[in-house]
Amino acid sequence: MTPADRPTSSAAPTRPGSPLRLRPKASASLILIDRSRPSPHVLVGRRGSGHAFMPDLYVFPGGRRDQRDHALPFSGDLNPAVMDLLLRRCPPTMGQSGARALALAALRELHEETGLQLGPAALSDVSYRPDLSSLRFVARAVTPPGAVRRFDNRFFATFVDEASIDLQSLRESDELSDFRWLDLAALHSVRLPEIVAVVARDLKISLESDPSLPFGSDVYTYSNRNGQFLRSRL
């Protein structure tokens with residue numbers, strides 16, 4: 001699940017309970033990068049037609065951060081450069097635990113929506129403890145006013161081989177189906193929300209600049225002000 005993207009004028013009158021008054025909810029998405037091919041590919045899945053938010057569009061796995069995400073176990077922490085980036089332009093109350101919970105939310109949603117886990121599959125008597133150390137923070141986007149759902153979404157990325165992901169575990173769910181490995185050089189092949197296309201294009205440029213995608217690479221933020229779509233470095 002990712003934030004809505006198309007610029008929407010905020011000049012319309014507001015009413016109690018109208019979408020314009022919705023406060024963005026913290027959420028996170030995970031971009032899995034397959035670099036075993038001639039050009040990088042990323043995993044997307046199609047949201048169902050019954051969804052109120054982004055129906056029938058292809059998105060990265062992800063969703064809203066829950067309170068339980070703060071208490072999820074993990075085996076390795078975020079890279080310090082990633083943690084520093086996550087805490088920029090955020091209220092002090094979020095702290096490292098709140099930033100880490102965003103990453104854990106992305107991994108929880110990945111497992112719920114696709115069946116995939118970072119690292120070896122958990123044993124039946126051992127809880128899943130993902131290693132966060134391979135995650136990069138690549139983008140932040142806030143859904144503009146007027147959408148039926150609003151999210152303050154952080155996009156994480158990792159390489160399939162570096163994170164030891166077993167792709168044989170990939171399966172469809174109620175949230176996502178018809179998975180595709182999307183060539184970053186051919187984004188037009190499926191219907192993407194504009195924000196997903198923008199993030200994917202910027203990721204492509206970052207990978208062309210440095211295929212290792214350093215942990216401290218530039219992070220772009222996307223927002224909407226007075227009906228204008230804004231893109232800036234974090």
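A salt bridge is taken here as a side-chain nitrogen of Lys or Arg within 4 Å of a carboxyl oxygen of Asp or Glu, with Lys and Arg counted as positive, Asp and Glu as negative, and His and the chain ends not counted. The structure is a predicted model, in which local features need pLDDT of at least 70 and side-chain atom pairs count only at pLDDT 80 or more, whereas totals for chains, interfaces and linings use all residues. Residues are numbered from 1 along each chain as its sequence is written, and side-chain values use heavy atoms, with hydrogens and water left out.

By the salt-bridge criterion, R150 has no partner although the residue is buried (under 20% relative accessible area, where exposed means over 50% and partly exposed in between, with a 1.4 Å probe and protein chains only). The nearest side chain of opposite charge is that of D152, 9.0 Å away. R150 lies in the loop between β5 (136-142) and β6 (151-159), where helices (H or I, at least four residues) and strands (E, at least two) are DSSP runs numbered from the N terminus. A polar atom of the R150 side chain lies 3.5 Å from the backbone oxygen of P144.

Strand β2 (residues 41-47) is largely enclosed by the rest of the structure, because six of its seven residues are buried. Pairing, which requires that DSSP find at least two bridges between two strands, links β2 to several other strands. Strand β1 (residues 25-34) runs antiparallel to β2 and is joined to it by two bridges, with I33 standing opposite V42 of β2; the connection between β1 and β2 is a hairpin through six residues. With strand β7 (residues 176-183), β2 pairs in the antiparallel sense over six bridges, and there L182 is the bridge partner of V42. The pairing of β2 with strand β3 (residues 58-59) is likewise antiparallel and comprises two bridges, in which Y58 of β3 is the bridge partner of R46.

Helix α2 (residues 95-114) contains 20 residues and reaches 29 Å from its first C-alpha to its last, close to the 28 Å expected at 1.5 Å a residue, the expected span being 1.5 Å times one less than the number of residues. Since 15 of the 20 residues of α2 are buried, the helix is largely enclosed by the rest of the structure. The residue that follows α2 is G115, whose phi is positive, near 85 degrees.

D69, in the loop between β4 (62-64) and α1 (80-87), is buried, with a relative accessible area of 0%. When its neighbours within four places in sequence are left aside, D69 is in contact (heavy atoms within 4.5 Å) with R64, A101, L104, A105 and R108. D69 and L102 are separated by 33 residues in sequence, yet their C-alpha atoms are 7.5 Å apart in space.

Backbone geometry in two further loops may be set against a general tendency. Most residues other than glycine have a negative phi, and most peptide bonds are trans. R89, in the loop between α1 and α2, has a positive phi near 55 degrees, and R89 counts as exposed at 54% relative accessibility. A positive phi near 55 degrees is also found at S164, which lies in the loop between β6 and β7 and is partly exposed, with a relative accessible area of 45%.

Terms used. Polar contact = N/O pair within 3.5 Å; in protein donor to acceptor, adjacent residues only side chain to side chain.
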